[in-house]
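Trainee: I would like to learn how to read charged pairs and a nonpolar core in a model. Can we work through one together?

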Amino acid sequence: MTVWRAPGVRPTAPPPDAGALAEAGAPADHDIAAGRGPAGPASAAPGPADRAAPFRFVALGDSLTAGVGDPAPGGGWRGWAALLAGALVPDDAPDRAAGPVGGGATGADPGPARSGDLAGGPYVEVGGRLDGRPRRVEFVNLARSGALVAEMVEGQLPAARRSRPQLASVVVGGNDTLRAAFDIGRLARALDLAMRGLRADGAVLLTTCLPDPGRVLGLPRPLAAPLTRRMRALNTVVHVLARRYGSVHVHLAGCAWVTDRAARGVDRLHPSELGHRLLAREFHAALGRRGARLGPAPAVEPDGPPPTFADGTWWLATRGTRWVFDRCRDLLPDLVRQAALESGHHLTGTAHLLDARARTATRGALTATRGAPARALGAGGAA
């Protein structure tokens, strides 16, 4: 767990499968990004007790949310979620600045959050729009580099639900697409469980769909196509669940800046500092479109220089070697098998059958989430 201190913050791809979206009644990408469409269950209007409670923002996910690629002053990572947390407090809110408090170790339980003050109460949903203005924000980043969706549900979700956040980001799944054991059914059930539980506790959700790793890495078609298919399936699930639970959604896969070299880190898979700033600004704008009264958006100008070719070479020769080794043991054998299958279908003109099979699996996964059991979803309980 990372606890980040910022001003006003008190620390404690290709388009998705259109058929599956239509079948689930989900809106177009621009509708989700703009926050249109029915929201999830509305929270009750804040009472006196709510006004005295801190506004909590909890981030769940993997290395993208952990901040990899955006070095923090003094060491460690900062990331888009911490940048966004610092922009949740309006400039005119009293007691904007927060004094230093204790940090937390990676993987630790944040425990009960301390009390603080709010001006106007936490965000509440009124007719699908957000209202309220936090004066102080408690931000806890539970995201862990390398986390899979199942690990997020087992290790991060219980702690997140115990803290009863008003705002929670669920951005995860990229690592699952880079594993031989990729299963869209398991991913859909786990994401649905996490988002359903957090919404049942009254949290407003932040979600995003992810860019295609094959395209970002510039892989040849036989290697890129299986990854593209997996990411399309994951993004379709995220889009449908975003509509189902009324999340504030950013269509990251469609952002033009994603492929800008300056916005990508030395490993080319994670955002650079600029990329994290741009993603934070996307979420800031999406919250604004839903009616949230916020402070100024995070600045777009990076504090440090963008990564260079030499930086990328040094990363690959040092830290990147372990990543490549791990993927050679896990993903590569499966990817080679998938590439051979892809090439065979391409030569016979039957590649469309692979796409159809993936669409069928995605629709089946989404259909299964509709009948998922509601047990373990008690407010604040472990999921």
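**Charged pairs and the core**

Mentor: Start with one pair: the side chains of Arg-277 and Glu-273 form a salt bridge, at 3.0 Å from N to O. Keep in mind that this is a predicted model.

Trainee: What lies behind such a pairing in general?

Mentor: Side chains of opposite charge can pair when their charged atoms come close. Here, Arg-277 and Glu-273 are 4 residues apart in helix α11, so about one helical turn separates them.

Trainee: Is Arg-277 buried or exposed? And Glu-273, buried or exposed?

Mentor: Buried means under 20% relative accessible area. Arg-277 has 6% relative accessibility, so Arg-277 counts as buried. Glu-273 is buried too, because its relative accessible area is 10%.

Trainee: How many salt bridges does a search of the whole structure find?

Mentor: The search finds 12. One of them joins the side chains of Arg-56 and Glu-138, at 3.8 Å from N to O. This pair links distant parts of the chain. Arg-56 sits in strand β2 (residues 55-61) and Glu-138 in strand β5 (residues 137-141), 82 residues apart. Both residues are buried.

Trainee: Which parts does the salt bridge between Arg-78 and Asp-303 tie together?

Mentor: First the geometry: the side chains of Arg-78 and Asp-303 meet at 3.5 Å, N to O. Arg-78 lies in the loop between α4 (63-66) and α5 (80-85), and Asp-303 in the loop between α11 (273-289) and α12 (309-317), so the salt bridge ties together parts 225 residues apart in sequence.

Trainee: How do I class the two ends by accessibility?

Mentor: Take each end in turn. Arg-78 has a relative accessible area of 8%, so Arg-78 is buried. Exposed means over 50%. Asp-303 reaches 59% relative accessibility and therefore counts as exposed.

Trainee: Which residues are linked in a network of salt bridges?

Mentor: Asp-70, Arg-78, Glu-273, Arg-277 and Asp-303 are linked in one. Two pairs we have discussed sit inside that network: Arg-277 with Glu-273, and Arg-78 with Asp-303.

Trainee: Now the core. Which residues touch the most other members of the largest nonpolar core?

Mentor: Phe-57, Trp-80 and Leu-191 do, in a core of 69 residues. Helix α8 (residues 184-200) gives this core its largest share, 8 residues.

Trainee: What does Phe-57 touch, beyond residues up to four places away in sequence?

Mentor: The contacts of Phe-57 include Ala-81, Leu-84, Val-137, Phe-139, Leu-167 and Leu-206. Glu-138 is also among them. That is the Glu-138 whose side chain meets Arg-56 in a salt bridge.

Terms used:
Residues are numbered from 1 along each chain as its sequence is written. This is a predicted model: local features need pLDDT of at least 70, side-chain atom pairs count only at pLDDT 80 or more; totals for chains, interfaces and linings use all residues. Side-chain values use heavy atoms; hydrogens and water are left out. A salt bridge is a side-chain nitrogen of Lys or Arg within 4 Å of a carboxyl oxygen of Asp or Glu. Helices (H or I, at least four residues) and strands (E, at least two) are DSSP runs, numbered from the N terminus. Buried means under 20% relative accessible area, exposed over 50%, partly exposed in between (1.4 Å probe, protein chains only). A nonpolar core is a set of buried Ala, Val, Leu, Ile, Met, Phe, Trp, Tyr and Cys residues joined through side-chain atoms within 4.5 Å. Contact means heavy atoms within 4.5 Å.
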